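Trainee: I would like to learn how to read a model of this kind feature by feature. Could you take me through it slowly?

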Amino acid sequence: MTRGRGYALLAVVVAAIVALSTAIYVGVAPGRGTPARNALADDRLPNNSAAPASTGTWVGTWSASPAAAEPGTETTGMADRSVRNVVHTSVGGTSARVTLSNLYGQSPLNITRASIAVAAGSGTAAALSDTLRQLTFSGGPAVVIPPGGQVMSDAVRIVIPHGADVLITTYTPTSSGSVTYHRHARQISYVAQGDHTADATGAPYTEQSMYWRYLTALDVLSNESDGTVVVLGDSITDGITSTAGANNRWTDVLSDRLRAEIAAGRDLPRYSVVNQGISGNRVLTDGLGRPADNPSGLNRFARDVLERTNVKVVVIDLGVNDILRNPRLADPNAVLGGLRTMVAQAHDRGLKVVGATLMPFGGHRGYSEAREGVRQQINAEIRAGRVFDAVVDFDKALRDPYDPRRLRAEYDSGDHLHPSDAGYARMGEVFDLESLKGSVPAEL
């Protein structure tokens, strides 16, 4: 072979490698959104979207289910506004990525800028300035999410501590119609007029919000965790009566306990815990609309549980709204059948399922002896081990020993259905951490 032909062959090989590398990069771009190149992009924020250099395991550190279309946003959406969502982490990591949803949007959601930062403290829109990072999507600063779609950002290098508040900010220049949101955040987030995704001071964020908008998940590349526990539930899991901003949901207590026990040397799985509760959620019945507001546990199980990052264990605490919200008497066998269907879907993925008994609601406006009988029938099957792989008996832990149809007074928020902060703490404390061990039992 002549030297000229050798150089020509080498050039062909190099070109082929470059083309293949480009194809791989494009092929692994996450989510279903369309990257939108912004001709006015600048360097106001560090762009650290390259694949993380550190090692670890991708896990969910926070999540919230898209629950409905926000009322009043049908016309203007969040046009020309920066939405700064505040979320609380269950484990830390060295890189992060977020998932944004336009599930309830009726038109494309055009996000031209997004950022992530560690909050400067609790109850503030201010960021630790050296942590502020621009988020990218397939390498660009902007993305268009189609109606009904979602997108995952590129990974960005940022040190996320466990138990920290994190700020995820999106800017939308134009109306996208109905905003996909999670209503009962129990956490104050913020809104500013104009594009302030790069602002670390928090000063422009003069509007407070008790919603999470667009944001549905925060994942981290973690050396602290080997997988994710996903908790599927209703308002009790959503923590609707817990103190806002205090992270007193029972899942928060569970996460803190698990971490503390591992730090003390106990042999337990190193898992994060994410909360997929939706207030009013039922096992069997969707809400109204297309797509349905408050989709049933059955209909959202694949999206909200199986599609979460690196799921290892599923916890299900659903069924009380099927009893209370049914204008007729609920069929306990139908509710149990729905629960067993979700368990079977989890087993198909090799996931263990821990299930909860349904807590009492005596004194609540929806209480009746007949409904109490349905609750008791469902709980009997759960306790007998004929539904889940393991059981946490929230009913036994929180009921009044002198009137087991009611919550114990100190555990009652006052509405005779939802726990107080003390009740949520009790739920997190009685959860047997050993039940997170092991795998799906073998079928006989």
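## Reading helices, turns and contacts

Mentor: Let us begin where a helix ends: α6 is followed by Gly 350, whose phi is positive, near 75°. Please keep in mind throughout that this is a predicted model.

Trainee: What distance should the 17 residues of α6 span, and what do the end C-alpha atoms give?

Mentor: The general idea is to count 1.5 Å a residue, which for α6 leads to an expected span of 24 Å, and the end C-alpha atoms are indeed 24 Å apart, in agreement with that expectation.

Trainee: Which residues of α6 are buried?

Mentor: Buried means a relative accessible area under 20%, and in α6 this holds for Pro 332, Val 335, Leu 336, Gly 338, Leu 339, Met 342, Val 343 and Ala 346. These residues cover an arc of only 155° around the axis, so they sit on the same side of α6. The face turned away from that buried side carries the exposed residues Asn 333 and Asp 348.

Trainee: What covers the buried residues of α6?

Mentor: The cover includes the helices α4, α5 and α7 together with the strands β18 (227-233), β20 (311-317) and β21. At the start of α6 there is also a detail worth inspecting, in that a side-chain oxygen of Asp 331 reaches to within 3.0 Å of the backbone nitrogen of Asn 333.

Trainee: How do the buried residues of α7 fall when seen down the axis of the helix?

Mentor: The length comes before the faces: the 15 residues of α7 (residues 369-383) should span 21 Å at 1.5 Å a residue, and the end C-alpha atoms are 21 Å apart, which agrees. Its buried residues are Arg 371, Glu 372, Val 374, Arg 375, Ile 378, Asn 379 and Ile 382. Seen down the axis, these buried residues of α7 fall within an arc of 155°, and they therefore line one face of the helix. What covers them includes α5 (320-324), α6 (332-348) and α8 (394-398), as well as the strands β21 (352-356), β22 (390-392) and β24 (403-407). After α7 comes Gly 385, with a positive phi near 80°.

Trainee: Where is Asp 389 found, and with which side chain does the side chain of Asp 389 make a polar contact?

Mentor: Asp 389 is placed in the loop between α7 and β22, and it counts as partly exposed because its relative accessibility is 24%, which lies between the limits of 20% and 50%. Its side chain makes a polar contact with the side chain of His 347 at 2.9 Å, while a polar atom of the Asp 389 side chain lies 2.8 Å from the backbone nitrogen of Val 353. Sequence distance and spatial distance should also be read side by side: Asp 389 and Val 440 are 51 residues apart in sequence, and their C-alpha atoms are 7.4 Å apart in space.

Trainee: Is Asp 219, in strand β17, buried or exposed?

Mentor: Asp 219, which lies in β17 (residues 215-222), counts as buried because its relative accessibility is 3%. The side chain of Asp 219 makes a polar contact with the side chain of Thr 309 at 2.6 Å. Leaving aside residues up to four places away in sequence, Asp 219 touches a set of residues that includes Trp 58, Ser 95, Arg 97 and Met 152.

Trainee: Which residues other than glycine have a positive phi?

Mentor: Two cases to look at are Asp 80, with phi near 55°, and Asn 247, with phi also near 55°. Asp 80 is in the loop between β3 (68-69) and β4 (81-88) and is partly exposed, with a relative accessible area of 31%. Asn 247 is in the loop between α2 (235-238) and α3 (250-263) and is buried, with a relative accessible area of 14%.

Trainee: What kind of peptide bond joins Arg 290 and Pro 291?

Mentor: The angle to read is omega, which is about -5° here, and the bond is cis. Pro 291 belongs to the loop between β19 (271-277) and α4 (297-306).

Trainee: How many cavities of 30 Å³ or more does the structure hold, and what lines the largest cavity?

Mentor: Rolling a probe the size of a water molecule over the atoms shows where empty space is left. The structure holds two cavities of 30 Å³ or more, and the largest has a volume of about 60 Å³. Its lining is made up of Asp 234, Ile 236, Asp 317, Val 320, Leu 358, Met 359, Pro 360 and Leu 417.

Technical notes:
Residues numbered from 1 in each chain as written. Predicted model: local features only at pLDDT ≥ 70, side-chain atom pairs only at ≥ 80, totals over all residues. Heavy atoms only, no water. Helix = DSSP H or I, 4+ residues; strand = E, 2+ residues; numbered from the N terminus. Buried < 20%, exposed > 50% of the residue type's maximum accessible area, 1.4 Å probe, protein only. Expected span 1.5 Å × (residues − 1). Arc of directions from axis to C-beta. Contact = heavy atoms within 4.5 Å. Polar contact = N/O pair within 3.5 Å; in protein donor to acceptor, adjacent residues only side chain to side chain. 1 Å grid on protein atoms, 1.4 Å probe; cavity = no way out; pocket = protein on both sides within 12 Å on 5 of 7 lines; lining within 4 Å. Points joined across faces, edges and corners; volume = space filled by probe spheres on them.
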